[in-house]
Each structure stands twice: as structure tokens, then as C-alpha cells.
Amino acid sequence: MPRKQNGFGNAKSFAVSGVNKINHRVDKGKGPGAAGSYPSNRGYGSTITRSVIEQWDLESSWAQWRRGMEYYYQAAYLPFEEINAVLYQGTEEEIPVTFNGYKFATKNADSRTHYAIQRTIDENKILGYVADVFNDPLIYGNQFNNKEIWIQVVAGKDLTSDRALLRSTGERIGNGSIDANIKGILTSNQLPALYIGKSKDEGVFVRATVPLNEVNATEYVQKNGIQSLVGKYVYQPDFYVERPITLFDQFVDSEDAFFVSTTEISGGISISILDNNTELPPTLGEIADTIPIYSTVNQGTSALNGGFGFLKAPYQRFFKQKYLTAEVVKGEVANLSYAIMPYEILGVKEDTVNNKLIIISRPFQATMTLTTPLEPQRFVILSDNGFTKTEDDYAADGSYNHALEAPDAKIWKKLSLDVNPWMDQTFQSGDRLIYSDLYTCSCPSYLHAKIRNPEATDDSGRKINRQSRAPMPTSKSSGDVTNIGILKVSGIIDSWATSEYKRGFKVCKHTIASMFINKIRVEEPNTFPSSDTRDKFETKLAKDIQEVAQEFNAQLKRSEITTVEIIYALAEALNLDDVELGYVMQTANF
């Protein structure tokens with residue numbers, strides 16, 4: 001008869017068993033991760049320490065060039081339909097552009113697609129003529145330390161080119177061979193030519209009116225009622241406001257910033273009410289192609305109320321010992337401008353006595369620009385990490401580097417990424433400056449941003465990290481003020497792109513592959529990674545190429561599930577700031 005077990009007895013749950021089965025192997029541990037030394041407590045805000053060689057390998061563009069060339073050789077891409085849009089829409093300087101591009105399969109996007117987009121300028125405009133270039137590091141030490149190349153630009157006779165230039169901060173410009181990014185624009189006295197401010201956290205709002213009887217007569221309202229307009233969008237064709245500063249524009253100073261408050265009342269304007277049922281928001285496409293619910297010509301009114309904040313730090317260095325205040329800025333600038341983006345209707349009210357339909361907008365973020373008077377000449381600041389050189393692809397002996405093609409075939413170009421503007425010949429006196437064609441991409445390597453990925457598991461059934469599904473700001477993200485537009489769409493985008501990175505020439509394997517496809521041979525960069533890293537890279541690249549077919553299968557199944565990637569890439573190509581980008585992401589149907 002077995003003994004009764006009282007107390008702990010010989011309970012097996014407390015027995016230590018399988019001692020001889022303990023795994024003592026050390027060759028089956030966790031696989032190697034990204035380069036760097038990681039802290040034992042990898043909590044929020046922890047940092048990675050990298051050696052000089054590891055950091056060099058990480059920043060090298062050689063790996064991107066090698067992957068992009070391999071994608072081109074393997075034809076690992078698909079074209080997508082051409083898109084037409086307008087740069088600086090609603091202004092006198094608007095320019096029609098065309099977007100072409102290619103789709104690349106990936107495992108790192110919900111749609112299984114990254115979009116590489118080429119922006120082609122259809123009708124270019126002259127931004128001025130180069131008068132002088134200041135690129136001697138021994139003479140211009142401050143500019144060298146700030147990584148800036150200054151050039152002096154002369155405007156055309158009627159100063160229209162100067163007006164276009166003032167609108168082009170952040171744009172990529174060139175002379176047809178040399179291209180660079182505009183970091184800032186100065187007056188002839190080397191003071192800031194423009195100041196860019198963001199609306200306060202509470203945003204701005206618009207109160208508009210249109211004839212009530214006309215709205216009630218529309219088929220949509222008769223069918224759905226007047227309150228059905230709530231949630232629709234209002235578009236004002238003259239949405240870009242540019243006017244002289246008046247006494248009613250209040251300038252208020254504070255320690256680190258100054259503020260401008262304004263109330264803009266406009267009468268006799270055109271207004272359209274849109275049903276935003278398209279994939280692309282109005283900002284990215286042709287608004288004229290959208291069928292409105294209701295439109296009126298010169299019978300609407302609009303009043304905008306809001307305040308805008310301007311940080312002093314980016315501008316103080318140009319005033320040297322003079323302290324920058326709101327009054328100082330007010331004495332320098334002459335005009336203000338801002339864009340009233342198509343806004344969502346928060347509420348409507350019928351004023352039957354005056355035959356008016358009152359429309360109140362949902363508060364939204366906006367950008368205000370203060371500009372100095374137009375000048376026949378000024379200084380333009382270019383980022384020294386944004387220079388490239390494009391020329392016909394001929395060898396030093398004059399021979400063409402490719403097989404001969406039909407006489408009317410497009411010839412190959414070659415693009416050099418290793419242009420040092422402090423040593424190499426770039427712009428010359430007399431060069432005409434125009435907008436440059438450019439390439440953008442939706443991948444994190446190009447954007448330095450993470451786009452949402454709402455699915456819970458990947459193709460292998462593994463659970464996806466929460467930060468990947470709903471990216472939120474982290475310790476690496478941009479500051480609250482500089483990134484206010486992106487912060488409004490937390491959960492969709494998290495960006496860690498710095499101002500220096502945004503003003504440089506950005507590439508990724510997808511844009512490099514796209515250039516090769518378009519007969520632009522990107523020359524091999526001179527930033528070679530270490531030999532060990534190159535050896536490991538070639539092994540990984542061979543494995544990646546073998547998996548391309550599987551990625552394409554997943555892409556075919558999911559490529560239409562969302563358009564968030566292509567919307568972000570298009571916004572980059574249109575040089576939208578963070579506030580406009582936040583608006584695009586909030587209003588897009590993806």
C-alpha cells in the first residue's frame with residue numbers, strides 16, 4: 001500500500017530534474033544584431049555606442065549603390081501609372097510637374113511595396129543667375145563650419161525670378177549639370193530674407209459663408225440634407241494668401257520666439273465644397289479634376305483667425321550682436337503669406353434672414369512666411385552635402401560608355417555623388433538657376449521615417465512589433481516645434497530626419513535603381529565600408545535577391561491595400577513642409 005503524502009512529501013513539482021540535460025552550448029545563442037554595443041537595460045531612451053569603423057560603415061552610401069544596381073540588373077521592379085500635379089499650387093509661381101516611378105517589393109511595408117518616384121519639371125522657371133560663389137574654406141570659415149556654400153544670385157529684370165526664389169527654400173535647384181539643395185535665402189545685406197513660423201498648438205480656423213439658396217438647390221443637399229455637409233472639405237481656389245503686413249497684424253515678443261496674430265477677412269471669393277472620395281488628397285493632385293458638391297464664383301466670404309510662432313534660434317546668428325526681437329523682424333519684413341489648405345467642415349448653420357450658409361472649419365495647422373521686399377540680388381545658402389554632378393556618360397577619351405543605340409534614343413547620363421563643393425568646380429558666374437528633377441522614395445532608408453504597418457503578423461505568422469504597427473515619437477524623433485506637423489499624425493508616421501539630412505542629397509537603393517532604369521548611371525561612391533562589412537554584405541545581398549520572387553508574390557496580394565507609402569513619397573517630391581505633410585496624412589483615404 002503506498003504511503004500517504006502529507007505536507008510537501010515527495011511532491012515532484014519541487015524536484016530538481018534533468019540536470020544532465022542543461023544545454024551548455026555557446027554556439028547557438030542569439031544571432032548578431034546591428035552594429036554597436038548595447039546596454040544591458042534596453043529601456044526607453046537607452047543609446048547604442050558604435051566604434052568609428054561601425055559608424056563609417058553605417059553612413060556609407062556604397063551599400064545602397066550596390067543594392068540599387070543589383071535591383072536594376074535583376075529587373076526587380078514594376079512601373080506604375082503616371083501622375084500629374086502642380087508645384088506651389090495656387091500661387092503665381094505654380095509649376096506643372098509629372099510623377100513617374102517604379103514599385104519595389106518589400107517585407108517592411110503593409111502594402112508590401114515601396115514607391116520610388118521621379119519628379120519631372122514640365123515647365124521650368126528661372127530663379128536667377130549666379131554672380132559669385134563663396135567656397136574657399138580658408139576665407140569663409142563660418143560657412144565651412146556650418147556646412148554651407150553661399151552663392152550670390154542676380155534676379156531678372158522684372159524681379160519675378162526673385163519672387164519664385166523666395167518660395168523655394170528646401171528645393172533642389174541647378175544649372176543643368178550641378179544640382180544642390182537650398183538651405184536658406186538672405187537679403188543683399190546678408191540678413192534673413194524670410195522667416196517661417198508654425199501655427200500654435202490649437203491651430204487656426206476659418207469661418208466662411210456662401211449663398212444658402214444655392215446650396216439648398218444642389219442635388220446632394222436635397223437628397224442628404226444640409227447637415228450632410230459636415231465632414232466634407234472646402235476649397236478656396238485663391239487659397240494662397242500673400243499681402244503686405246498691416247497695422248492689424250500683431251507682433252509679440254518672447255524669450256525664444258516671437259508671435260504674429262492675424263485675422264484675414266476676404267469677400268467676393270470663389271468657394272467649392274468637395275466630397276473627398278479619391279485616394280489622393282487635393283494637395284497632391286489636380287484639384288480642378290475633382291467634381292464638387294457645390295461651387296460659387298465670387299459670392300463667398302472667408303475669415304481666418306490664428307496665431308503663428310517663429311523660433312529665433314535659426315535667425316539670430318545673422319544679426320550677430322544685435323538681439324533679435326519681434327520689433328526688429330517687423331522692421332525688416334514687408335509681406336506675409338500662408339496657405340489655407342482644403343479644410344474639413346466642423347459645422348454649418350443656416351442664416352435664412354441674410355440668405356447665408358455659415359461654415360465653420362475644424363481647426364488645422366498652417367505655416368506662415370514673412371518675407372522682405374524683392375531685391376535685384378541676394379545670397380542663397382546651399383547645403384554642402386547636397387551637391388551632385390550630372391553629365392553625358394562619355395569616357396575621358398571621348399568614347400561613349402554604352403552600346404550604340406538608335407539615333408533618337410535617350411543617351412546615358414552619369415551621376416556623381418562625391419562632389420565636394422569646397423574643392424570641386426560647381427556653379428560659375430553667369431549660370432542660370434532652375435528647378436531640378438529629383439527622385440524620392442517611401443522607404444525608411446530614404447525618408448528617415450517609419451510609416452505605419454497596421455497588420456498584427458507578418459507572412460510567416462510572427463507577431464509584428466507594436467512600434468512598427470503604430471509608430472510613435474521616440475528619443476530619436478525631431479523636436480516638438482520643428483516636427484509639429486508630423487506629431488499631429490502620430491501612429492501613422494514617426495520621423496527622425498534631421499534638418500541637415502533633409503537639406504542634403506538623399507538616396508536609397510530604390511532611387512538608385514530607378515536612376516539606372518532611366519539611363520542615369522550612378523557612379524560608385526568613394527565611401528567604401530570596411531572589407532569585413534563588404535564580405536558580409538555580398539552574402540546577404542545574394543540571399544536578398546533570391547527572396548525577391550517571394551516578395552513579389554506578397555506584393556501582388558497586398559499592393560492595393562493602402563496608398564500611404566505613395567502619398568508620403570509624393571509629398572516629399574512636392575517639397576511640402578511638416579505641417580502640410582501632416583495635413584496630407586490626415587485627409588488622405590488610405
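## Burial of an aromatic pair

A residue is called buried when its relative accessible area is under 20%. In this predicted model, Tyr71 and Phe104 are both buried.

## Aromatic pairs

The structure contains 20 aromatic pairs. In one of them, Tyr71 is matched with Phe104: the ring centres lie 6.0 Å apart, the planes meet at 45°, and the arrangement is tilted. Tyr71 belongs to helix H2 (residues 62–73) and Phe104 to strand S3 (residues 95–105), so this pair ties together parts that are 33 residues apart in sequence.

A further pair is formed by Tyr195 and Phe258, with 6.4 Å between the ring centres. Planes over 60 degrees apart count as edge-to-face, and the planes here stand at 75°, so the pair is edge-to-face. This pair links distant parts of the chain, since Tyr195 sits in strand S9 (residues 194–199) and Phe258 in strand S14 (residues 257–274), 63 residues apart. Tyr195 has a relative accessible area of 0% and is therefore buried. Phe258 is likewise buried, with a relative accessible area of 0%.

## An aromatic cluster

Aromatic residues also occur in a group: one cluster is made up of Phe134, Tyr140, Trp150, Phe318 and Phe379.

## A buried loop residue

Ser61 is located in the loop between helix H1 (52–59) and H2. Is Ser61 buried or exposed? Its relative accessibility is 17%, so Ser61 counts as buried. When neighbours within four places in sequence are set aside, Ser61 is in contact with Pro525 and Thr527.

Key: Residues numbered from 1 in each chain as written. Predicted model: local features only at pLDDT ≥ 70, side-chain atom pairs only at ≥ 80, totals over all residues. Heavy atoms only, no water. Phe/Tyr/Trp six-rings, centres within 6.5 Å; stacked < 30°, edge-to-face > 60°. Helix = DSSP H or I, 4+ residues; strand = E, 2+ residues; numbered from the N terminus. Buried < 20%, exposed > 50% of the residue type's maximum accessible area, 1.4 Å probe, protein only. Contact = heavy atoms within 4.5 Å.
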